[in-house]
Amino acid sequence: MSIIKRYRYIPDSEIEARANNILKRMQETPKYIPKWPLDATRVAEFLGLDVVWDRIPPDAEGQIAARILPLEHLIEINEDILELPKGFEESTLAHELGHWELHIDQKTAGQFEELIKQGGKAEIDMQPFLCRAVSGQLQKMEWQAQRFASYLLMPRYILEQMAAEHDLTKWSHLYAMQKDLGVTITNLKVRLRQLNWIILPPGDKTIYLGKAAPIRKK
């Protein structure tokens, strides 16, 4: 038996609701009230997870960006990403939180933890959940985790507050928003395009407002 769920299609609306639910519960807990840029480590702590940065060597299938050890409530991030531009750290950890929320069978993991504490034995797949470049169904799970990270780090209500004060057609304003959100500019562009707030034609540096873009305060 595995405590890693099999792939299933999860509607985008459900992924967003799961991320918003965590932010809502944090908002209701004085110690963990979210602030932006969102510290994903605090989100992990709120969910009862430890986070460590360590060098994770590649295996026969290639590089490993991170891994989750469900029964230890531990997320290990490959410290090699520290060499990447600022914003990747939070994105990577938020991505792993997405796997924890969407792909780890936490109920079954808890049952096995209790069984192990009582000295029992169980036939369970103890392999950690590895995060890396993959294909097929696993690639869809990576996509789901990335969407979760986007919703967690850039919730709509925070973006609406920022958009009211910024001109979404100016790169300088997008970079200011990116800095306040603690994400990469690529993360932000993808999120705004997904919302249909901006349009970026291929090969064109001009930013156009999308049909769903909120009205900016004058």
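Where in the chain is the place of proline 37? Hold that thought for a second, because the answer is short: proline 37 is in the loop between α1 and α2. The peptide bond leading into it, from tryptophan 36 to proline 37, is cis, with omega near 5°. We'll meet both of those helices again.

Okay, the overall picture. What you're looking at is a predicted model. The mean pLDDT of the chain is 89, and 91% of its residues reach 70 or more. Confidence is highest in α1, at 98, and lowest in strand β4, residues 129–131, where the mean is 79. As a general caution, where pLDDT is low, don't read the predicted coordinates in detail.

What's in there? The chain has eight helices and six strands. Going along the sequence, the pattern is α-α-β-β-β-α-α-β-α-α-α-α-β-β. The radius of gyration is 19 Å, close to the 17 Å that the globule rule gives for 218 residues, so the chain is as compact as a globular protein of that length. If you prefer a box, the C-alpha trace spans about 65 × 40 × 30 Å along its principal axes. And 42% of the 218 residues count as buried. One more number on the fold: take the contacts with a separation of 6 or more, and 66% of them are between residues 24 or more positions apart.

Now, helix α1. This one covers residues 12–27, so 16 residues by the DSSP assignment, and reaches 23 Å from its first C-alpha to its last, close to the 22 Å expected. Its buried residues are Ile15, Ala19, Ile22, Leu23 and Met26. They cover an arc of only 95° around the axis, which puts them on the same side of α1. And what do the buried residues of α1 pack against? That would be α2, α3, α5 and α6.

Arginine 18 is also in α1, but this residue is partly exposed, with a relative accessible area of 25%. Leaving aside neighbours within four places in sequence, arginine 18 is in contact with Glu101, Leu102 and Phe148. Look at leucine 102 there: it sits 84 residues away from arginine 18 along the chain, and yet their C-alpha atoms are separated by 8.6 Å.

Over to α2, and to valine 43, which lies in that helix. Is valine 43 buried or exposed? Buried, at 1% relative accessibility. Setting aside neighbours within four places, valine 43 is in contact with Ile22, Met26, Leu38, Leu97 and Leu152. Isoleucine 22 is 21 residues away along the chain, with 8.1 Å between the two C-alpha atoms.

That contact with Leu152 takes us to the core. The largest nonpolar core has 51 residues, and those with the most contacts inside it are Leu97, Leu152, Leu159, Leu174 and Leu188. The largest share of this core, six residues, comes from α5. If you want one residue to click on, try leucine 152: beyond residues up to four places away in sequence, it touches Ala19, Leu23, Trp36, Leu38, Val43, Ala94 and Leu97. So that's Trp36 again, from the cis bond we started with.

Next, helix α7, residues 171–181. The buried residues here are His173, Leu174, Met177, Gln178 and Leu181. Seen down the axis, they fall within an arc of 140°, so they line one face of the helix. What covers them includes α5, α6, α8 and β5. The face turned away from that buried side carries the exposed residues Ser172 and Lys179. Following the helix there's glycine 182, with a positive phi near 70°.

Last stop, two residues with positive phi that aren't glycines. Histidine 73 has a phi near 50° and is placed in the loop between β2 and β3. It is partly exposed, with a relative accessible area of 25%. The other is asparagine 196, with a phi of about 60°, in the loop between α8 and β5. Asparagine 196 also counts as partly exposed, at 32% relative accessibility.

That's my tour. If you open the model yourself, a good place to begin is leucine 152, with Val43 and Leu97 among the residues it touches. Happy to take questions.

Conventions. Residues numbered from 1 in each chain as written. Predicted model: local features only at pLDDT ≥ 70, side-chain atom pairs only at ≥ 80, totals over all residues. Heavy atoms only, no water. Helix = DSSP H or I, 4+ residues; strand = E, 2+ residues; numbered from the N terminus. Expected span 1.5 Å × (residues − 1). Buried < 20%, exposed > 50% of the residue type's maximum accessible area, 1.4 Å probe, protein only. Arc of directions from axis to C-beta. Contact = heavy atoms within 4.5 Å. Core = buried A, V, L, I, M, F, W, Y, C linked by side-chain atoms within 4.5 Å. pLDDT = per-residue confidence, 0-100. Rg over C-alpha atoms; globule rule 2.2 N^0.38 Å.
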